[in-house]
2 protein chains.
Amino acid sequence: MDQEYSSTLLENAVTALSRLPGVGRKTALRLALHLLRRPEDEAVEIGQSLIDLRRNIRYCSVCHNISETEVCPICSSGNRRRSTVCVVENVRDVMSIEATGQFDGLYHVLGGLVSPVDGIGPDMLEIESLVKRVGSGEIDEVILALSATMEGDTTNYYIYRRLTAKGVSPKPIKITQLARGVSVGNELEYTDEVTLGRSLLNRTPFEDTY
Amino acid sequence: MDQEYSSTLLENAVTALSRLPGVGRKTALRLALHLLRRPEDEAVEIGQSLIDLRRNIRYCSVCHNISETEVCPICSSGNRRRSTVCVVENVRDVMSIEATGQFDGLYHVLGGLVSPVDGIGPDMLEIESLVKRVGSGEIDEVILALSATMEGDTTNYYIYRRLTAKGVSPKPIKITQLARGVSVGNELEYTDEVTLGRSLLNRTPFEDTY
């Protein structure tokens, strides 16, 4: 669908916006025309915030979470259990786990999952830096908090093999993964059989759940 | 849902993006994190294009379509029928009609529709400038191409009364509106009865349709 725009400024904005995921040219045009109806400040604020974000963001040198400082606030906090590291796929997963309020350890952001189909090998992820962290001897437990998908399982397995290899950790470490089970609020009828099977195998004492 | 971001740059970008229509904070976060994974140029291009768009866009002094020049390319074209003016609600409608390739006249962009519910009166739209254009005596036909809604009908009626008032046009002008009828490709079964009634009343000779 080639539409004729009466302005190259509009054309440029639409082309740029339609590079965003889930934004087609129709939506991009709607967004651009919306900005034209709003005060100039608003468009400038949106535009500038995107430029600033990409230009000035850094990644924590320890856990690879986004940060504005060399070491992120979580890694440099005195209130976190430094012996527990939760391994996640990306920055959003850190936010999700932080939002639960159930975790007071540190994170390690892989930056993706091993996926042969997409050509992503273990060497393209932050796995060696995790091996180094474990090698420092400060870590007692590594929690694998990856998606319950084939890619997540593959990555879990790779990391497990890598961390339990001889000479990696100076002391025995615990490697755990997130519990698989029935989602809270979900009806049993609509839970798939694999999940249901796992939730039976991993059943917990009744008191535990409160 | 208050989410804690580890970065104020990210926070700012998410807040700014979520001001766009149809973009909530979750989508805004997804877009922002997407930009972080892309080359810096891309984020800068998107951001700068939005700023440039809003800062440098102008509106045609004749038809009020967006333009980069005092008078837009359509109004200054030598190949358009200057005696026919098509009245539309907004810039997007100009694009839609241009895309049909069926119109070679000029446009007049109202900038909205009369809507008492939303507090939009005729004086907030570009109606007086239309009256002036008709008053110049260069126009033979005004095509009302507004939405087939109550607001569209109200605006049509107001413009009709205004343009046919004594002393407005130095010569008799034709005022027409878009045909109402069954949408091309639509099954009769799913056409609402009002539209169907109008399409019966306004039936055209069979040859006309080819």
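This passage looks at how two chains meet in a predicted model, and then at one helix of chain A.

The meeting of the chains is a good place to start. Here, 50 residues of chain B are in contact with 50 residues of chain A. On the side of chain B that touches chain A, at least two residues each come from α1 (8-17), α2 (25-37), α3 (40-56), β2 (66-67) and α4 (91-100) of chain B. Of these elements, α3(B) gives the largest share, with 16 residues. Sorted by class, this side of chain B holds 27 nonpolar residues, along with 12 polar and 11 charged ones.

The arrangement of the copies comes next. A turn of 180 degrees, with a shift of 0.0 Å along the axis, lays chain B on chain A with an RMSD of 0.0 Å. The two copies are therefore related as by a two-fold rotation axis. The residue of chain B that comes closest to this axis is B:Gly47, with its C-alpha at 1.8 Å. Both copies use the same surface, as 100% of the contact residues of chain B recur in chain A.

Helix α2 of chain A (residues 25-37) rewards a closer look. Its 13 residues, at 1.5 Å a residue, should span 18 Å, and this agrees with the 19 Å between its end C-alpha atoms. Buried in α2(A) are A:Leu29, A:Leu31, A:Ala32 and A:Leu35. Viewed down the helix axis, the buried residues fall within an arc of 165 degrees, so they line one face of α2(A). Their cover draws on both chains, including α1 (8-17) and α3 (40-56) of chain A as well as α3 and α4 of chain B.

Conventions: Residues numbered from 1 in each chain as written. Chains lettered and ligands numbered in written order. Predicted model: local features only at pLDDT ≥ 70, side-chain atom pairs only at ≥ 80, totals over all residues. Contact = placed C-beta atoms within 7 Å. Helix = DSSP H or I, 4+ residues; strand = E, 2+ residues; numbered from the N terminus. Nonpolar A, V, L, I, M, F, W, Y, C, P; charged D, E, K, R; others polar. Least-squares fit on C-alpha atoms with pLDDT ≥ 70 in both. Expected span 1.5 Å × (residues − 1). Buried ≥ 20, exposed ≤ 12 C-beta atoms within 10 Å, placed from the backbone. Arc of directions from axis to C-beta.
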